[in-house]
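Here is a colleague's note to read beside the structure, written for someone meeting this kind of description early on. Please keep the view open and look for each residue as it comes up.

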Amino acid sequence: PEDAPAVVANILSALQEKGMDDLVHKHRGGEPAEDLIRRFLRSRKWKVPATLKLLVEDLEWREKQDVLRIRNSTASQMLKGDSNPAGRDLHHQLFPHGFLGHDKQGRAVVYKWWS
């Protein structure tokens with residue numbers, strides 16, 4: 001819609017009033033906050049109250065579930081591969097690979113088995 005920038009600004013303002021604007025920036029990933037809000041608006045057919053409700057619920061859920069910790073963890077860390085033999089075995093089953101060391105620039109050298 002033509003008034004999309006104003007609608008996005010209104011939602012950002014409403015989130016600021018709720019003290020949630022920091023959460024938008026925290027959980028937006030690499031996407032601009034305005035694009036994130038537009039995605040939520042499109043999913044709710046540009047109905048502002050429904051969009052704001054869904055966005056607030058999503059941000060609260062992301063905080064409660066500690067999504068950033070999960071997003072920033074490796075598969076091995078999530079499966080507790082270092083301390084859980086079953087998790088380590090599952091990790092190696094799902095991601096068969098080997099670590100060979102580092103190249104001259106210090107980058108990890110890893111190989112993957114493709115089946």
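In which segment is W114 found?

1. W114 is found in the segment after strand 2, and please keep in mind from the outset that everything said here concerns a predicted model. With a relative accessible area of 74%, W114 is exposed, since the term applies to values over 50%. The C-alpha atoms of W114 and I11 are separated by 46 Å, and the two residues stand 103 residues apart along the chain.

2. Strand 2 itself covers residues 108-112, and V109 has its place there. This valine is partly exposed, its relative accessible area being 29%. If neighbours within four places in sequence are left aside, V109 is in contact with G98, F99, L100, G101, H102 and D103. By contrast with this list of contacts, a distance can also be given for N84, which is 25 residues from V109 along the chain, the two C-alpha atoms being separated by 25 Å.

3. The next points turn to the helices, and a general remark may help first. Two packed helices are described by two quantities, namely the angle between their axes and the distance between those axes.

4. Helix 1 comprises residues 4-17 and helix 4 comprises residues 48-64, and their axes come within 11 Å of each other while crossing at roughly 45°. That angle makes helix 1 oblique to helix 4, and the crossing of this pair is right-handed. On the side of helix 1 the contact is made by V7, I11, A14 and L15, and on the side of helix 4 by V48, T51, L52, L55 and V56. Sorted by class, the residues of this contact are eight nonpolar and one polar, with no charged residues.

5. Helix 1 also meets helix 3, which spans residues 33-43, and here the axes come within 10 Å and cross at roughly 100°. This makes helix 1 roughly perpendicular to helix 3. The contact is made by V7, V8, I11, L12 and L15 of helix 1, together with E34, I37, R38 and L41 of helix 3. Divided by class, the residues of this contact are seven nonpolar, no polar and two charged.

6. Is T51, a residue of helix 4, buried or exposed? T51 counts as buried, because its relative accessibility is 0% and the term covers values under 20%. When residues up to four places away in sequence are not counted, T51 touches I11, F40, L41 and R44. A student can therefore follow this threonine in two ways, as a member of helix 4 and as one of the residues that make the contact between helix 1 and helix 4.

7. Salt bridges deserve a separate look, and the count comes to seven. One of them joins E63 and K26, whose closest N and O atoms are 2.9 Å apart. E63 lies in helix 4 and K26 in helix 2 (residues 21-27), so the pair ties together parts that are 37 residues apart in sequence. E63 counts as partly exposed at 32% relative accessibility, and K26 is likewise partly exposed, with a relative accessible area of 41%.

8. How far apart are the closest N and O atoms of R62 and D58, which form a salt bridge? They are 2.8 Å apart. R62 and D58 both lie in helix 4, and they are four residues apart, which is about one turn of the helix. R62 is partly exposed, with a relative accessible area of 23%.

9. A further salt bridge is the one in which the side chains of D66 and R69 meet, with 3.1 Å from N to O. D66 is partly exposed, at a relative accessible area of 36%, and R69 is partly exposed as well, at 45%.

10. The last point concerns S76, which lies in helix 6, a run of residues 75-78. At 22% relative accessibility, S76 counts as partly exposed. Its C-alpha atom and that of H91 are separated by 6.0 Å, although these two residues are 15 residues apart along the chain.

Note on methods: Residues numbered from 1 in each chain as written. Predicted model: local features only at pLDDT ≥ 70, side-chain atom pairs only at ≥ 80, totals over all residues. Heavy atoms only, no water. Axes fitted to C-alpha atoms, helices over the stretch in contact; angles between N-to-C directions. Parallel < 35°, antiparallel > 145°, perpendicular 65-115°, else oblique. Left-handed = near helix turned anticlockwise from the far one by under 90°. Contact = heavy atoms within 4.5 Å. Nonpolar A, V, L, I, M, F, W, Y, C, P; charged D, E, K, R; others polar. Salt bridge = Lys/Arg side-chain N within 4 Å of Asp/Glu carboxyl O. Buried < 20%, exposed > 50% of the residue type's maximum accessible area, 1.4 Å probe, protein only.
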